[in-house]
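The exercises below ask you to read a structure step by step, and each task is followed by a worked solution. Please keep the sequence and the coordinates at hand while you work through them.

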Amino acid sequence: MEVEPTVYQVFTPATPANLTFIERDEINNNLVNALRTPGKQIVIYGHSGSGKSTLINKKLERLYESHVISRCMQGMSFDQLVLDAFDQLSPFFTTEKTARNSDSVGVQLNATYLGIKNQISGLGLRERSDKSIRLLPPQLTLQNLARFMGQAKSCWILEDFHKINEGDRALLSQAMKVFVDMAGEYNTLKIIAIGAVDSARQVVKYDNEMRTRVAEIHVPLMNVHELQDIIIKGAELMNLRFDSSLSSTISHYAAGLPSICHTLCLNICVHLDFNTPRKELVVIKKESLQPALKMYLDEASDTLKMAFENNLKQSKVKKYNNAELIVKALSELPQEGGTRADIFKRIAKYESDYPQGNLTKYLKQMCETETTPLIRSSENSGKYAFIDPLYRAFAMVLVSSSDSQDPHELIDWNDVIANFIKNFSTEELTKSIHTHKINYMHKN
Ligand SMILES: Nc1ncnc2c1ncn2[C@@H]1O[C@H](COP(=O)(O)OP(=O)(O)OP(=O)(O)O)[C@@H](O)[C@H]1O
Ligand SMILES: [Mg+2]
């Protein structure tokens, strides 16, 4: 008998999708071709939450015997990534010799691997003020790493590569070159760098000779149909049917982000106490969305608070409260946002002398707040928007309530958020989503 999934296996807001996985035809061919072409290096890029990790996971599952995933973190150096990959290959070289390792090349590589492993433990740690860092032994060259990886019939995935220090990012281009050169010998060998950024070049800056050897794969935000497919697929697995107005509201609310879609569907089920598939088909109506959104809001309230607090605080009193003006302008624009010029026009309504330079500077700054981003920019459409429709809804309330306040008075965020949650209405949100629905559909 088939084992029934739980709701947490069906709707996966925080992990790569599996049961509800939907194919994305426009990206599929390019990705599969690149994966199958020996020596082709891959850069996958696109907005955070657009589905990069899910996609590569699914494809590797089908096309690759094994892979090594290194997760990049802020401040990591390239050396640390090389060490991380080396460590992960350990089971392949230190357990019982597999058939592949018993030919003469294999035996030699095994010995080299173990030699380097010993060197690493001998080198110990280098203490830095904040953390200790393992040293890279001279023998652990990129060529050697490539050999080990190639022998293990593996490829190397670098998740969130945009987090690596700018200076160290250049080293990836060199590593890709080495992997290209050695792909003749080991045909599965490749590097797949993934970054939550707007262009491949923000992930790796490689030179022209590499141009034809790197596949740049953009994973766009999902369109409403793709989002609805997730809802339908997940609901079916739970033996539910979301009525059409509910599923269309969820898919519009998600504004291209499958993670929001999963979150809301999960919350709906959790709120109804549906942990496993129903015995008989149950139809879910639009009324179920309100509590699900409230749960989402409760969970997000800390992040919400931080994002607004960090972006709106201004250490020195300046002529303009730049971030506030931008937030206000964006709250008046549709969820899909507006171009720099659209935003400027809005601000100029309130501050006729507002300098263009300020807008450029602060927009850039607000998009780059790594830890608590509030707005995002899209290179493709040239628009700036709140990263989540929820943020826009919150900004609307904030703007309307701050109009009456003394601007120098400190905001009590806990109060504002508590009020927001209490008075939060899906009606208003739905209305604002639907007003701009045509625009949004057109874009996709
Ligand atoms: N093809 C898909 N089908 C169904 N759900 C998906 C699909 N792609 C992504 N998701 C869901 O969307 C969410 C985000 O996906 P994922 O983690 O793959 O995005 P990402 O681009 O890697 O994000 P980040 O840049 O933040 O790492 C997850 O909840 C995942 O379950
Ligand atoms: Mg990811």
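**Exercise 1. Two residues with positive phi**

Task: Determine whether Asp273 is buried or exposed, and then do the corresponding assignment for Asn239.

Solution. The model is a predicted one, and the values below are computed from it. Step one takes the relative accessible area of Asp273, which is 57%; because exposed means over 50%, Asp273 counts as exposed. Step two places the residue in the chain: Asp273 is found in the loop between helix H11 and strand S9 (282–284). Step three turns to the backbone, where the phi of Asp273 is near 65 degrees, a positive value in a residue other than glycine.

Step four repeats the procedure for Asn239, which has a relative accessibility of 22% and therefore counts as partly exposed. Asn239 lies in the loop between helix H9 (224–237) and strand S8 (240–242), and although Asn239 is not a glycine, its phi is positive, at about 55 degrees.

**Exercise 2. The surroundings of ligand 1**

Task: State how many residues surround ligand 1, describe the polar contacts of its oxygen atoms, and explain why ligand 1 can be said to lie between two domains.

Solution. Step one is the count: ligand 1 is surrounded by 21 residues, and the closest are Thr12, Ser48, Lys52, Ser53 and Thr54. Step two sorts this shell by class, which gives nine nonpolar, 11 polar and one charged residues.

Step three goes through the contacts. A distance of 2.5 Å separates an oxygen atom of ligand 1 from a backbone N or O atom of Thr12, and a polar backbone atom of Pro13 is found 3.1 Å from an oxygen atom of the ligand. The contact with Ser48 involves the side chain, where an N or O atom is 2.7 Å from an oxygen atom of ligand 1. Step four considers the cover: on its own ligand 1 has 620 Å² of accessible area, and the protein covers 90% of this. Step five asks which elements give two or more residues to the shell, and these are helix H3 (52–63) and helix H11 (258–271).

Step six answers the last part of the task: because domain 1 (25–218) and domain 2 (224–284) both give residues to the shell, ligand 1 lies between them.

**Exercise 3. A lysine in helix H3**

Task: Decide whether Lys58 is buried or exposed, and relate its position to that of Phe21.

Solution. First, Lys58 is located in helix H3. Next, its relative accessible area is 9%, and because buried means under 20%, Lys58 is buried. Finally, although Lys58 and Phe21 are 37 residues apart in sequence, their C-alpha atoms are 8.5 Å apart in space.

**Exercise 4. Parallel strands with buried faces**

Task: Work out which strands S1 pairs with, and describe how the residues of S1 and S6 are covered.

Solution. Step one follows strand S1 (residues 41–45), which runs parallel to strand S7 (residues 214–218) and is joined to it by five bridges; within this pairing, Tyr45 has His218 as its bridge partner. Four bridges join S1 to strand S6 (residues 191–195), again in parallel, and here Ile42 stands opposite Ile192. Step two continues to strand S5 (residues 154–159), which pairs with S6 in the parallel sense over three bridges, with Ile192 as the bridge partner of Ile157.

Step three examines burial. In S1, five of the five residues are buried: Gln41, Val43 and Tyr45 point one way, while Ile42 and Ile44 point the other way. In S6, five of the five residues are likewise buried, with Ile191, Ala193 and Gly195 on one side and Ile192 and Ile194 on the other.

**Exercise 5. An antiparallel sheet**

Task: Give the strand order of the open sheet of three strands, and identify its edge strands.

Solution. The order is S10-S12-S11, and the pairing is antiparallel. The edge strands, each of which pairs on one side only, are strand S10 (338–339) and strand S11 (375–377). Looking at one pairing in detail, two bridges link S10 to strand S12 (residues 383–386) in the antiparallel sense, and Thr339 has Lys383 in S12 as its bridge partner.

Terms used
Residues are numbered from 1 along each chain as its sequence is written. Chains are lettered from A and ligands numbered from 1 in the order in which they are written. This is a predicted model: local features need pLDDT of at least 70, side-chain atom pairs count only at pLDDT 80 or more; totals for chains, interfaces and linings use all residues. Side-chain values use heavy atoms; hydrogens and water are left out. A residue is near a molecule or strand if one of its heavy atoms lies within 4 Å of it. A polar contact is a pair of N or O atoms within 3.5 Å; within protein, one must be able to donate a hydrogen and the other to accept it, and residues adjacent in sequence count only if both atoms are side-chain atoms. Accessible areas come from the Shrake-Rupley method with a 1.4 Å probe; for residues, only the protein chains shown count as cover. Ala, Val, Leu, Ile, Met, Phe, Trp, Tyr, Cys and Pro count as nonpolar, Asp, Glu, Lys and Arg as charged, and the others, Gly among them, as polar. Domain bounds come from an automatic or database domain assignment. Two strands pair if DSSP finds at least two bridges between them. Buried means under 20% relative accessible area, exposed over 50%, partly exposed in between (1.4 Å probe, protein chains only).
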